[in-house]
Amino acid sequence: MAKRVLVVEDNELNLKLFCDLLRAHDFVAEPVRDGREAVARAREVMPELIIMDIQMPHVTGYELILELMADEQLRDIPVMAVTAYAGRDDEERIRAAGARSYVSKPISLARFMDAVNTLI
């Protein structure tokens, strides 16, 4: 059975790229365009992985990671942060919040899939 990946990304091009790439590797990609819907959608889908953009309007990926990690039902789902933030302090802060992987934009497609396969 194909593994489900929740992709939380507000940029339409990035969302399409990530979902298409995952589907090409036989994953079921579940897109979420608005971070405010991410936690509820994670409860519905119960994915094996959540790919989380960090810089989004309304709610940041960082805040969502903290919310996911505080939720008993969702805290064990690995989160892969994908962000244009490239500073060392940003990566440490995001990993400290609970992200198990951190991939910076622009994305290397091979590195992206390596990170996905490592987490699932």
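Is Ser 101 buried or exposed? In this predicted model, Ser 101 is buried, because its relative accessible area is 11% and the cut-off for burial is under 20%. Ser 101 belongs to strand S5, which covers residues 101–104. Set aside neighbours within four places in sequence, and Ser 101 is in contact with Val 79, Met 80, Ala 81, Arg 95, Ala 115 and Leu 119.

Turn next to helix H3, residues 61–70. Its buried residues are Gly 61, Leu 64, Ile 65, Leu 68 and Met 69. They line one face of the helix, because they fall within an arc of 135 degrees when seen down the axis of H3. A general point about helices helps here. An α-helix has 3.6 residues a turn, so residues three or four places apart point the same way.

What covers that buried set? The cover over the buried residues of H3 includes three strands: S1 (4–8), S3 (49–53) and S4 (79–83). It also includes helix H2 (38–45) and helix H4 (88–97).

Ala 70 also lies in helix H3. Ala 70 is exposed, because its relative accessible area is 58% and the cut-off for exposure is over 50%. From Ala 70 to Phe 27 the distance is 26 Å, C-alpha to C-alpha. In sequence, Ala 70 and Phe 27 are 43 residues apart.

Now take H3 together with H4. Their axes are 8 Å apart, and the two helices pack at an angle of about 25 degrees. H3 and H4 are therefore roughly parallel to each other, since angles under 35 degrees count as such. On the H3 side, the residues that meet H4 are Tyr 62, Ile 65, Leu 66 and Met 69. On the H4 side, they are Arg 93, Ile 94 and Ala 97. By class, this contact of H3 with H4 has 6 nonpolar residues, no polar residues and 1 charged residue. Two residues of H3, Ile 65 and Met 69, are buried and also take part in the meeting with H4.

A further helix pair is H1 (residues 12–24) and H5 (residues 109–119). How do they cross? The axes of H1 and H5 come within 11 Å and cross at roughly 65 degrees. H1 passes H5 in a right-handed crossing. H1 contributes Leu 17, Phe 18, Leu 21 and Leu 22 to the contact. H5 contributes Leu 109, Phe 112, Met 113 and Val 116. By class, the contact of H1 with H5 has 8 nonpolar residues, with no polar and no charged ones.

Definitions and conventions. Residues numbered from 1 in each chain as written. Predicted model: local features only at pLDDT ≥ 70, side-chain atom pairs only at ≥ 80, totals over all residues. Heavy atoms only, no water. Axes fitted to C-alpha atoms, helices over the stretch in contact; angles between N-to-C directions. Helix = DSSP H or I, 4+ residues; strand = E, 2+ residues; numbered from the N terminus. Left-handed = near helix turned anticlockwise from the far one by under 90°. Contact = heavy atoms within 4.5 Å. Nonpolar A, V, L, I, M, F, W, Y, C, P; charged D, E, K, R; others polar. Buried < 20%, exposed > 50% of the residue type's maximum accessible area, 1.4 Å probe, protein only. Arc of directions from axis to C-beta. Parallel < 35°, antiparallel > 145°, perpendicular 65-115°, else oblique.
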